[in-house]
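Good morning, and thank you for making time on the agenda. I should like to take you through one protein chain, beginning with its overall layout and ending with a few individual residues.

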Amino acid sequence: KFVLGAMSSMMTKTTEEACKATIKEYLDITLPDCFIPELGEAKQGKVRDIYFAGKNVVMVTNDRVSAFDFILPNLIPFKGQVLCGISEWA
């Protein structure tokens, strides 16, 4: 049991280190704003940019983070991508 636990702990640590390395790699290419001139002027929320294109509403979730109605200075890599994916699935 000890050996299996140690191996599992090593695999988890290796996976965690790999995830942290990937996040660090992408810190410089986060998406703070979205500008799509073809859709007109965007209404900017705390963490989304919203476009009204005719009868359509386009919401783009970016990597901005807010807490207690305050936009935090640090961005979270992949946040917008994950939230858009969840919205698409739902």
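The protein chain contains 2 helices and 5 strands. Read from the N terminus, the order of these elements is α-β-β-β-β-β-α. Please keep in mind throughout that this is a predicted model.

Let me therefore turn to confidence. The average pLDDT of the protein chain is 75, and 84% of the residues reach at least 70. Among the elements, strand β2, residues 48–53, has the highest mean pLDDT, at 85, while helix α1, residues 2–26, has the lowest, at 68. Over residues 1–7 the pLDDT stays under 50, and the model shows 0 contacts beyond four places in sequence for that stretch.

Next, some totals for the chain. Of the 90 residues in the protein chain, 16% are buried. The exposed area of the protein chain is about 7,400 Å², and 64% of that area is supplied by carbon and sulfur atoms. If one takes the contacts between residues at least 6 apart in sequence, 24% of them join residues at least 24 apart.

I move now to the sheet. Which strands make it up, and in what order? It is an open sheet of 3 strands, ordered β1-β2-β3, with antiparallel pairing. The edge strands are β1 and β3, each of which pairs on one side only.

Consider the two pairings in turn. Strand β1, residues 43–44, pairs with β2 in the antiparallel sense over 2 bridges. These two strands form a hairpin, with 3 residues between them. On the other side of the sheet order, β2 is joined to strand β3, residues 56–61, by 6 bridges, and this pair also runs antiparallel. One of the bridge partnerships here is that of A53 with N56 in β3. The hairpin of β2 and β3 has 2 residues between the strands, and within this hairpin G54 takes a positive phi near 65°.

As a general point for reading such a sheet, side chains in a regular strand alternate between its two faces.

One residue of the sheet deserves a closer look, namely D49, which is found in strand β2. Is D49 buried or exposed? With a relative accessible area of 2%, D49 counts as buried, because that value is under the 20% cut-off. D49 takes part in the pairing described above: it is the bridge partner of Q44, and it stands opposite V60 in β3. The side chains of D49 and Q44 are also joined by a polar contact of 3.5 Å. Leaving aside neighbours within four places in sequence, D49 is in contact with a number of residues, among them D33, C34, K43, V58, M59, N62 and R64.

Let us now leave the sheet for helix α1. How many salt bridges does a search of the whole structure find? The search finds 1. In this salt bridge the side chains of E16 and K20 meet, at 3.0 Å from N to O. Both E16 and K20 lie in helix α1, 4 residues apart, which is about one turn of the helix. In general, side chains of opposite charge can pair when their charged atoms come close. As for their surroundings, E16 is partly exposed, at 41% relative accessibility. K20 is likewise partly exposed, with a relative accessible area of 48%.

My last residue is A67, whose place is in strand β4, residues 66–67. A67 has a relative accessible area of 28% and so counts as partly exposed. In sequence, A67 and K46 are 21 residues apart; in space, the distance from C-alpha to C-alpha is 9.5 Å.

To close, I would leave you with two points from the model. The open sheet runs β1-β2-β3 with antiparallel pairing, and D49 in β2 is buried. The salt bridge between E16 and K20 lies in helix α1, the element with the lowest mean pLDDT. I shall be glad to take questions.

Definitions and conventions: Residues numbered from 1 in each chain as written. Predicted model: local features only at pLDDT ≥ 70, side-chain atom pairs only at ≥ 80, totals over all residues. Heavy atoms only, no water. Buried < 20%, exposed > 50% of the residue type's maximum accessible area, 1.4 Å probe, protein only. Contact = heavy atoms within 4.5 Å. Areas by Shrake-Rupley, 256 points an atom, 1.4 Å probe, with all protein chains shown as cover. pLDDT = per-residue confidence, 0-100. Pairing = 2+ DSSP bridges. Salt bridge = Lys/Arg side-chain N within 4 Å of Asp/Glu carboxyl O. Polar contact = N/O pair within 3.5 Å; in protein donor to acceptor, adjacent residues only side chain to side chain.
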